[in-house]
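Reader: I should be grateful for a close examination of one part of this molecule, namely its first helix and the surroundings against which that helix packs. Please set the part in the context of the whole chain before turning to the details.

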Amino acid sequence: MRINVADIKLEAGSHKRFDLTASLEPVELGGQEFLFEQPFTGEAEVWNAGDRLLVKVELSGEARLQCSRCLTQYTEPMEISFEEEFVAGAPGEGQTEEDEEDESGRTVSFYEGDEIDLTEPIRENILLELPMKPLCDEDCQGLCPTCGVNLNEAECKCEAVAESVDPRLAKLKDLLGKPDSNS
Ligand SMILES: [Zn+2]
Ligand SMILES: [Zn+2]
């Protein structure tokens, strides 16, 4: 995912818009796998701010997630938006290509030649948006811990069976349900 900034990197104040299409490899995070079946699409805008290029990226797409309660796969729409500053040149000795701080303490990235590679910033920003505990629905009923049935799709008899197994428990429940019966 590269954009060519050859014609704006030389002139302070110049601005350009790019259409973006970003395909992402599946990601494994926290024991879960996230799939991106469709590429993310959107745009990048670049401004020449004199000593650096400001890049603003807006993308939308969707992720294929697995619900952490019922384990069903579902698709969730995603939107990401971020800004990043790039300066020409290579990182110095002992510095990494990203997370480099300039004199004013802002984080800048580097680019070399005429192209800025947005692959990593896009990937990182999409990962930041992924839910740690995906839920197909806020009210997802999950799986029955006894028989494993998906309680969103079917009811199971587990609770009824548990009650009939021990009639004393059922009786106790009755008593607890009528606290005023003896007074
Ligand atoms: Zn679910
Ligand atoms: Zn069950």
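**The first helix and its surroundings**

Author: Of the 183 residues in the chain, 15% count as buried. The model is a predicted one, and the description that follows should be read with that in mind. The chain holds ten strands and three helices, arranged along the sequence in the pattern β-β-β-β-β-β-β-β-β-β-α-α-α. Among contacts between residues at least 6 apart in sequence, 54% join residues at least 24 apart.

The helix in question is α1, residues 119–129. Three of its residues, P121, I122 and I126, are buried. Viewed down the axis of α1, the buried residues fall within an arc of 130°, and they therefore line one face of the helix. On the other side of α1, E120 and L128 are exposed.

The buried residues of α1 pack against three strands, β2, β6 and β7. I122 illustrates the arrangement: leaving aside residues up to four places away in sequence, I122 touches M1, A22, V57 and L59. Of these partners, A22 belongs to β2, which spans residues 15–22, while V57 and L59 lie in β6, which spans residues 53–66.

I122 also has a place in the largest nonpolar core, which comprises 19 residues. Together with V55, I116 and L118, I122 is among the residues with the most contacts inside that core. The elements that contribute two or more residues to the core are β5, β6, β7 (73–88) and α1. The largest share, four residues, comes from β6.

The strands around the helix are themselves connected. β2 runs antiparallel to β5 (residues 40–48), and eight bridges join the two. Within this pairing, A22, already noted as a contact of I122, stands opposite F40 in β5. β5 is also paired with β6, again in the antiparallel sense and over eight bridges; here T41 stands opposite S60. β5 and β6 form a hairpin with four residues between them, and G50 in the turn has a positive phi of about 90°. As a general point, the side chains of a regular strand alternate between the two faces of the sheet.

In summary, the buried residues of α1 line one face of the helix and pack against β2, β6 and β7. β5 joins the picture through its pairing with β2, its hairpin with β6 and its contribution to the core.

Note on methods:
Residues are numbered from 1 along each chain as its sequence is written. Chains are lettered from A and ligands numbered from 1 in the order in which they are written. This is a predicted model: local features need pLDDT of at least 70, side-chain atom pairs count only at pLDDT 80 or more; totals for chains, interfaces and linings use all residues. Two strands pair if DSSP finds at least two bridges between them. A nonpolar core is a set of buried Ala, Val, Leu, Ile, Met, Phe, Trp, Tyr and Cys residues joined through C-beta atoms within 7 Å. A residue is buried if 20 or more other C-beta atoms lie within 10 Å of its own, exposed if 12 or fewer, and partly exposed in between; C-beta atoms are placed from the backbone. Two residues are in contact if their C-beta atoms, placed from the backbone, lie within 7 Å. The arc is that of the directions from the helix axis to the C-beta atoms.
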